[in-house]
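This report describes the fold of a protein chain, the spaces enclosed by it and the annotation attached to its sequence. It begins with one of the pockets.

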Amino acid sequence: MMCGIAEGARRRRAVDVVSSQMDSEPQPLAEPSAGPPFGAGPRMGREDNQAVPYGTAHTEGRSTDRPTHTPRGARSGDHPSRPGALPPAPGRRFRVPGRARGSAAGPAVAAGLLVLVSWQVAVDGPLLGLDRLVRHDVGSARHDLHSALLDRLGHALADLGSSVPAIPVLLVAGGLAAWRSRRAGAARWWLPMPVAALTSGLIPLLVVPAKAAFARPGPLGDPLLPGQWGWYPSGHTATATLSYGVAVLLLARTAGVHVARVLRAVAVLLAVGVGAGLVWSDFHWLLDVVASWCLAALVLWSLARWLPRPGGGGRTQASGSSASGSSLR
């Protein structure tokens, strides 16, 4: 009997030694179980098809209240504009749109297209076949529809590119932008007025010499009379795009983000509508309109980069506006 008691005591001491070693030494990973661990919530999917456990069992004892396998998009760093874990991963999400606005890819494409079209017009190249094709298709559609309403609409849209009303809209917008800038306490509140006036004088300086140099006949094919300007580029399209574009560029700097977006959309629709009205009414070739769009885009891009940005360096921004959405980039 004494031997049995001694043998039981030795076995208990051996079990205690093994238990202490298991507590002090790292243990191998346990075999994965079919169900979630005790205390864990439902397993939610991630974009990489890996399950993410949630629940108190995976947040207990941590310095934050997020689970151990929080998806990267749901992690909160020390700065709201930096994604990633704690500390945040490198990179800022809000710097990309600013780089896109300052990119020269758009103006480079516009300049290249303008040079290409001008070269084809000068040498009567094969690209002008696009003009004849579009004119034929538009003429067929106009003949088949035979709609007086569409014809009047085309003439009305084309008239929006005349000096009246485009230039008065530009000048009024310059005065209104200056008044709003003065109320906001901007340092150079008067700047929109000379910009609007110079733009109104810049339009004929850009279009008239080009018309005289290329001397392209219009869609009707009538020969040019002595001293008559040609049809390339389209003066109405350039007047509309630059007048309404610069007006929106000046007004958007003193308006809120949403208002600025609406103004830009209106300017784009007006420019496109004037070009479509000219082509529909057989007043201009398509490439005449495209060349004026490219020319106006280069001027607007240059002017947007030259104008001082509101909201910094003594330039006060209007109440409720945002510097990120107030410049036409």
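## The second largest pocket

In this predicted model, four helices each supply at least two residues of the lining of the second largest pocket: H5 (148–159), H6 (163–184), H7 (192–214) and H8 (235–252). Of these, H7 provides the largest share of the lining, with six residues.

The volume of the second largest pocket is about 380 Å³. Its lining comprises 21 residues, and those nearest the pocket centre are Gly161, Lys211, Gly235, His236 and Thr239. By class, ten residues of this lining are nonpolar, nine are polar and two are charged.

## Cavities

The structure contains two cavities of 30 Å³ or more. The second largest cavity encloses about 70 Å³ of space. Helix H4 (residues 128–145) contributes the most to the lining of this cavity, giving six residues.

The residues that line the second largest cavity are Asp131, Val134, Arg135, Val138, Gly139, Arg142, Pro219, Val279, Asp282, His284, Trp285 and Leu286. Six residues of this lining are classed as nonpolar, two as polar and four as charged.

## Secondary structure

The protein has ten helices and zero strands. Along the sequence, the pattern accordingly reads α-α-α-α-α-α-α-α-α-α.

## Annotated transmembrane regions

An unreviewed UniProt entry assigns the annotation "transmembrane region" to residues 102–122, 160–179, 191–210, 230–250, 262–280 and 286–307. Two of these spans can be described in terms of the model. Residues 262–280 are 100% helix and 0% strand, with their end C-alpha atoms 26 Å apart. For residues 286–307, the span is 95% helix and 0% strand, and the end C-alpha atoms are separated by 32 Å.

The lining of the second largest cavity includes Val279 and Leu286, and the annotated spans 262–280 and 286–307 come from the UniProt record.

## Burial, contacts and surface

The protein has 329 residues, of which 34% count as buried. Considering contacts between residues at least 6 apart in sequence, 63% join residues at least 24 apart.

The exposed area of the protein is about 19,900 Å², and 65% of this area is supplied by carbon and sulfur atoms.

Note on methods:
Residues numbered from 1 in each chain as written. Predicted model: local features only at pLDDT ≥ 70, side-chain atom pairs only at ≥ 80, totals over all residues. Heavy atoms only, no water. 1 Å grid on protein atoms, 1.4 Å probe; cavity = no way out; pocket = protein on both sides within 12 Å on 5 of 7 lines; lining within 4 Å. Points joined across faces, edges and corners; volume = space filled by probe spheres on them. Nonpolar A, V, L, I, M, F, W, Y, C, P; charged D, E, K, R; others polar. UniProt positions renumbered as here; feature names shortened; annotations may be inferred. Buried < 20%, exposed > 50% of the residue type's maximum accessible area, 1.4 Å probe, protein only. Contact = heavy atoms within 4.5 Å. Areas by Shrake-Rupley, 256 points an atom, 1.4 Å probe, with all protein chains shown as cover.
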